[in-house]
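Visitor: I'd like a close look at how the helices of this protein pack, one pair at a time, and then at the sheet beside them. Could you walk me through it?

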Amino acid sequence: MTDLAKPFRTSLDEIAEIEIPEIELDHISLDGTRKWLLDMGTKNGIETVFIPEKSRGTLCISSQVGCALECTFCSTGRQGFNRNLTSAEIIGQLWLANHKLREQDNYKALKKDERIITNVVMMGMGEPLANYKHVVHALEMMLDDNIYGLSRRKVTLSTSGLVPAIEKLSLDCPVSLAISLHAPNNKIRDEIVPINKKYPLDMLMKSCLNYVEKAPRDFITFEYVMLENVNDSIDQAKELVNLIKNVPSKINLIPFNPFPKSGYKCSKKTTIKAFQEILMDAGIVTTIRKTRGDDIDAACGQLAGQVQDKTKRTQRLQLI
Ligand code: SAH
Ligand code: SF4
């Protein structure tokens, strides 16, 4: 960079480094989904997934090595927590995917200003709002016109519901918000999303309502994993309608992706359809998530990576 002043170059030499994330595995699924396992040092790894669709390309990014929140149906949660990613490691996933995809045969002919990655979702490993500072810095780089220039509407952060951080995000960097709801009442949510004991549903619903005012879209997305005989009955669908009735929202039903010793089964197709119908009849736009990248274990909740757990159960809640 000889166009920069020499003293500035010298000081950059001393304070900055340029490092590319190291790829341990790179898989392409039959449906075009591509997954990278990236080495994060000391035998740890995170995963980044690209999901191509007709009119968009979505990159699913990780925010932590592991997760301390211990949701019972989540493979990442079961592995424990190692550390937060830095903002460089978070934005590095976007940089790397962009470069690797441009080398892929079907994208080689694209012009430089044509985007392959049009959308980013913070839905990989980790709880993004438990790594607030680094995640927000990375989001700002994604949105900055001089860096990636993605639209706020097309960057989505998914959280299990850290209420104070949701409120802070609405002021600092209001991107599209998805809430991992997964239960229609506190009794079930306390059990499957333990952070609910700290921030129960009435607090969470209030913070969603406040967020909508600042959000780039005029609704919140609620994610709801379909677990057989846990949260998938008709009565529970009705309870869910009642719970979210004051929040402008859409619901995304996620068929549970099994992993060894999970102890759960995915709801039957007919049950998921019946559940969807109750929500739709109540006027709530409800989609059922298509599972992508199944053959390479790239589906939601299967992002296992490699996590050397550094926490004890009792320490985990203190990390949030
Ligand atoms: N920690 C954040 C983001 C990462 S998880 C959060 O919880 O929102 C991304 C999504 O995958 C969440 O909605 C999560 O609940 C869901 N998920 C986790 N395990 C899953 C599984 N086994 N099957 C289907 N979805 C799962
Ligand atoms: Fe963490 Fe999200 Fe998995 Fe819960 S669902 S354990 S918050 S990654």
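Guide: Let's begin with helix α8, residues 234-244, and helix α9, residues 269-281, whose axes lie 9 Å apart and make an angle of about 30°. Since angles under 35 degrees count as roughly parallel, α8 is therefore roughly parallel to α9. The crossing in which α8 passes α9 is right-handed. If you have the model open, which residues bring α8 and α9 together? On the α8 side they are Ile 234, Gln 236, Ala 237, Lys 238, Leu 240 and Val 241, and these meet Ala 274, Phe 275, Ile 278 and Leu 279 of α9. Sorted by class, the residues of this contact are 8 nonpolar, 1 polar and 1 charged. Please keep in mind that you are looking at a predicted model.

Now turn to helix α4 (residues 132-143) and helix α5 (residues 163-172), which pack at an angle of about 30° with their axes 12 Å apart. This pair, too, is therefore roughly parallel. Here α4 passes α5 in a right-handed crossing. From α4, the contact uses Tyr 132, Val 136, Leu 139 and Glu 140, while α5 supplies Ala 165, Lys 168, Leu 169 and Asp 172. That contact between α4 and α5 divides into 5 nonpolar and 3 charged residues, with no polar ones.

Helix α5 has another partner to show you, α7: their axes come within 9 Å and cross at roughly 5°. That angle makes α5 roughly parallel to α7. In α5, the residues involved are Val 163, Ile 166, Glu 167, Leu 169, Ser 170 and Leu 171. Facing them in α7 are Met 203, Leu 204, Ser 207, Asn 210, Tyr 211 and Lys 214. The classes in the contact of α5 with α7 come to 7 nonpolar, 3 polar and 2 charged residues. Notice Leu 169 of α5 as you rotate the view: this residue takes part in the contact with α4 and also in the one with α7.

From here we can move on to the sheet. It is an open sheet of 10 strands with mixed pairing, and its order runs β1-β2-β3-β4-β7-β8-β9-β10-β11-β12. At its edges stand β1 (22-28) and β12 (286-288); each has a single partner strand, so one side of each is left without a neighbour in the sheet. From one strand to the next, the twist averages 20°. Helix α7, residues 201-214, packs on this sheet and touches β9 (176-180) and β10 (220-226). The direction of α7 makes about 140° with that of β10.

For one pairing in detail, look at strand β4 (residues 57-60) and strand β7 (residues 119-122), which pair in the parallel sense over 3 bridges. Thr 58 has Asn 119 of β7 as its bridge partner.

Stepping back to the whole protein, the secondary structure comes to 10 helices and 12 strands. Along the principal axes, the C-alpha atoms fill a box of roughly 70 × 45 × 40 Å. The radius of gyration is 20 Å, which agrees with the value near 20 Å for a compact globule of 320 residues.

Key: Residues numbered from 1 in each chain as written. Chains lettered and ligands numbered in written order. Predicted model: local features only at pLDDT ≥ 70, side-chain atom pairs only at ≥ 80, totals over all residues. Heavy atoms only, no water. Axes fitted to C-alpha atoms, helices over the stretch in contact; angles between N-to-C directions. Helix = DSSP H or I, 4+ residues; strand = E, 2+ residues; numbered from the N terminus. Parallel < 35°, antiparallel > 145°, perpendicular 65-115°, else oblique. Left-handed = near helix turned anticlockwise from the far one by under 90°. Contact = heavy atoms within 4.5 Å. Nonpolar A, V, L, I, M, F, W, Y, C, P; charged D, E, K, R; others polar. Pairing = 2+ DSSP bridges. Rg over C-alpha atoms; globule rule 2.2 N^0.38 Å.
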